[in-house]
Amino acid sequence: MTATDTHRAIDAVWRIESARLIAGLTRIVGDVGVAEDLAQDALVAALERWPESGIPDKPGAWLMATAKHRAFDLLRRDKMLERKHAEVGHELEARQEMAVPDLDAALDDQVGDDLLRLVFISCHPVLSREARVALTLRLLGGLTTEEIARAFLVPEPTIAQRIVRAKRTLAEAHVPFEVPRGDELAARLSSVLEVLYLVFNEGYSATAGDDWMRPQLCGEALRLGRILAELAPEEPEVHGLVALMEIQASRSRARVGPKGEPILLLDQDRGRWDQLLIRRGLAALARAEAMGGEQGPYALQAAIAACHARARTASETDWVQIAGLYDDLVELMPSPVVELNRAMAIAMALGPAAGIELVDALASEPVLKNYHLLPSVRGDLLSKLGRLDEARTEFERAASLTRNERERALLLERAAASAPR
């Protein structure tokens, strides 16, 4: 194996093992920032040694053992621990005995609990939404600062500062490395699910830039969602979110044309939808519903996605059922954006005239003032009603509002198609 091959293998190992490594170290040192530094030290050691010695049979265990040795050295040097030498010394000895002889145990010890704790600390409400997203992708997704910055089209120093501030905030707030209980669990779980939802959506429909999709973000959010479903199997909304992501991800190959151009849902080749992901999504939705979670916000959205997934052709889509699900979603989490989606569903079920009336009623909503999908939906409905001049104006306005270059090109094409012949 060449040095380049070894480095690629190390990168793959890091993506797989980094979250568990940081989680286990955080349990030992009690500081997620210090834990990440220790994990990075172990990675550097691997980069130095493995090209010569070869990759160990159990690379994750090797990284964990190396990092734990460094963690124990750090704890021994800590001046605060010197004042509690007698109290802490026995604990360190006990931990070291557990960590060194059995490398498999070192890797697997409490790994499920530790990962779940890391999920909750990365998404703690004390952090801003942007900081939660960045920290989650860094600690749990294994993405570099450069990769996160590129995904969200934010300068790399900005992402680096967010991550540094987030770790400092967690340390200063003395956020415990634990899974919350009771009411706090519900509040914190909502934060965790929101972060995964935001990450997936940004990958599925990029807010800005030259790409219609960012599949890596979708993949990371889905991977983390699956992990969370294993670690919190009794939470129906976790399964609801996983169901939504599985089904949405099933369309990825059909959403982009050969030149990267967007392909809208009703125009997609459904033969390219990933049936394995659809089956997984439907199974996750069934689990959520069996737990009584069918009225949760993610389960409702997953049920809408399932209606599309079950339709063999666009014409077979049950738009009446979808409109009914949007009725439930609006009642659960009323917002102009959900109302806009409901209006489109009603237009598909009852005709464009019914939809345009609802869309026009949303025109005065402040939150939709610069939301490009409002004129986009209106342009679509006006086009179906034969009001082509108005449709062209709406598509042009939508194109001026979007920050995604692929979407802008699509909207301008639709505007041109609405021009008089």
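**Local environments and overall architecture of the predicted model**

In the predicted model, His124 touches Arg132, Leu170, Val175 and Arg188 when residues up to four places away in sequence are not counted. His124 itself lies in a loop, the one that runs between α7 (residues 111–122) and α8 (residues 129–139). With a relative accessible area of 14%, His124 is classed as buried, because burial is assigned to residues under 20% relative accessible area.

The surroundings of this loop belong to a chain of 421 residues, of which 48% count as buried. The secondary structure of the protein chain comes to 21 helices and two strands, and its C-alpha atoms fill a box of roughly 85 × 50 × 40 Å along the principal axes. Among the contacts in the chain with a separation of 6 or more, 64% are accounted for by residues 24 or more positions apart.

At the start of the numbering of helices, α1 covers residues 3–29 and departs from a straight course: although this helix has 27 residues, its end C-alpha atoms are only 33 Å apart, short of the 39 Å that a straight helix would reach at 1.5 Å a residue. A kink of about 55 degrees is present in α1, and this kink is centred on Glu17. Just after α1, Gly30 adopts a positive phi of about 75 degrees.

Helix α2, comprising residues 32–53, contains Ala35, a residue that is buried, with a relative accessible area of 0%. Once the neighbours within four places in sequence are left aside, Ala35 is in contact with Ile22, Leu25, Thr26 and Val29, and these four positions fall within the range of α1, residues 3–29. The C-alpha atoms of Ala35 and Ala134 are 17 Å apart in space, with these positions 99 residues apart in sequence numbering.

A search of the whole structure for internal voids finds two cavities of 30 Å³ or more, and the largest cavity has a volume of about 50 Å³. The largest cavity is lined by Val119, Cys123, Thr136, Leu140, Val192, Leu196, Leu224 and Leu228. The elements that give two or more residues to this lining are α11 (182–204) and α12 (215–231). By class, the lining of the largest cavity consists of seven nonpolar residues and one polar residue, with no charged residues.

Two further positions, in helices α13 and α17, were examined in the same manner. Ala249 lies in α13 (residues 236–249) and, at 13% relative accessibility, counts as buried. Beyond residues up to four places away in sequence, Ala249 touches Phe200, Leu222 and Leu277. The C-alpha atoms of Ala249 and Gly182, which are 67 residues apart along the chain, are separated by 32 Å.

Glu339 is placed in helix α17, which spans residues 336–350. Its relative accessibility is 26%, so Glu339 counts as partly exposed, a class that lies between the limits of 20% and 50%. Glu339 touches Val330 and Leu362, again not counting residues up to four places away in sequence, while a distance of 19 Å separates the C-alpha atoms of Glu339 and Leu244, 95 residues apart along the chain.

Notes
Residues are numbered from 1 along each chain as its sequence is written. This is a predicted model: local features need pLDDT of at least 70, side-chain atom pairs count only at pLDDT 80 or more; totals for chains, interfaces and linings use all residues. Side-chain values use heavy atoms; hydrogens and water are left out. Buried means under 20% relative accessible area, exposed over 50%, partly exposed in between (1.4 Å probe, protein chains only). Contact means heavy atoms within 4.5 Å. The expected span of a helix is 1.5 Å times one less than its number of residues. The bend at a residue is the angle between axes fitted to the seven residues ending there and the seven starting there. On a 1 Å grid over the protein atoms alone, a cavity is a set of points where a 1.4 Å probe fits but cannot get out, and a pocket is an open set with protein on both sides within 12 Å along at least five of seven lines; lining residues have an atom within 4 Å of a point. Grid points are joined across faces, edges and corners, and a volume is the space filled by probe spheres set on the points. Ala, Val, Leu, Ile, Met, Phe, Trp, Tyr, Cys and Pro count as nonpolar, Asp, Glu, Lys and Arg as charged, and the others, Gly among them, as polar.
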